[in-house]
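Dear colleague,

I am handing over the structure we talked about, and I would be glad if you could open it and keep it beside you while you read the notes underneath.

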Amino acid sequence: MNWLVTFMQFSILVPMVVVWWRRQHFSPAVKVLSWYVYISAFFALGARLSGIYLHNNLFFLIGFNVTKVLLFAAIYRMVLTAPRMRRVLAVATLVALGIVAASFALDTARTVTVSRVVQCAVLAGFALVYMEQGLNRIGNYKFSHDPIWLLSVGQLIYSATTVTAFSIGFVALFRGDIFDKMSALSFSIGGLALNYFLTLAFLRAKPDVPAPAAVAGRSRLVSS
């Protein structure tokens, strides 16, 4: 399954090309999101080269997870309209970073797992909060044309499949080639799904989408 993981990693080139083509049409939040394609490519290349020449790519894997949390936290802070939700986002980000930092007390290999699970959990929460906010929009709003909504869908799929991939390794009673293939397949599907929705987000981005002023009222999560 190494070929599938490699294909998934190279698939980031597709949204990268779209970023080069349509960057002038991006809203401020989507411009920040566009940095993800470069960050993903940098850490993927760094992890592969360090694995070959240094026989240790763990710090690149941890660095990717931490950087992704920070980048997505900045993006969602720009598009969430409820002040309370933005504060919750900031607290969740700090807690996530604290958990990753504390996991270094175990060992570096376990920190990779902790950072990946924390990344998936925290970003899935960010995605759900934004999607709930979108449901409160008035009028005939097309979610399929909201770049951050599309990002949120892709992130939820990525989180689910990535956590599944790691869970396979932990709960498998009999470890072997079949479980490694299942884990690689699940991880690759999640990465491909995220890159697909990223591509859609960049293709459908407009300078004024998403716009905080288009959200009606406060989120039900705030008022409840």
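The notes below go through a helix pair, a residue in another helix and a salt bridge.

Please keep in mind throughout that this is a predicted model.

I would begin with helix 5, which covers residues 83–103, and helix 6, which covers residues 108–135, since these two pack with their axes 9 Å apart and at an angle of about 170°. Because an angle over 145 degrees counts as roughly antiparallel, helix 5 is described as roughly antiparallel to helix 6. On the helix 5 side the contact includes Met85, Leu89, Ala96 and Ile99, and these belong to a group that meets residues of helix 6, among them Val114, Val118, Val122 and Phe126. When the residues of this contact are sorted by type, 11 are nonpolar and 4 are polar, while no charged residue takes part.

Next, please look at Met8, which lies in helix 1, residues 2–10. Its relative accessible area is 9%, so Met8 counts as buried. Leaving aside residues up to four places away in sequence, Met8 touches Phe187, Ser188, Gly191, Leu192 and Asn195. Although Met8 and Leu192 are 184 residues apart along the chain, their C-alpha atoms are separated by 5.5 Å.

Finally, how many salt bridges does the count give? The count comes to 1 salt bridge, and in it the side chains of Asp107 and Arg110 meet at 3.6 Å, N to O. Asp107 has a relative accessibility of 31%, and therefore counts as partly exposed.

With best wishes

Definitions and conventions: Residues are numbered from 1 along each chain as its sequence is written. This is a predicted model: local features need pLDDT of at least 70, side-chain atom pairs count only at pLDDT 80 or more; totals for chains, interfaces and linings use all residues. Side-chain values use heavy atoms; hydrogens and water are left out. A salt bridge is a side-chain nitrogen of Lys or Arg within 4 Å of a carboxyl oxygen of Asp or Glu. Buried means under 20% relative accessible area, exposed over 50%, partly exposed in between (1.4 Å probe, protein chains only). Axes are lines fitted to C-alpha atoms, for helices over the stretch in contact, and angles run from 0 to 180 degrees between N-to-C directions. Helices (H or I, at least four residues) and strands (E, at least two) are DSSP runs, numbered from the N terminus. Angles under 35 degrees count as roughly parallel, over 145 as roughly antiparallel, 65 to 115 as roughly perpendicular and the rest as oblique. Contact means heavy atoms within 4.5 Å. Ala, Val, Leu, Ile, Met, Phe, Trp, Tyr, Cys and Pro count as nonpolar, Asp, Glu, Lys and Arg as charged, and the others, Gly among them, as polar.
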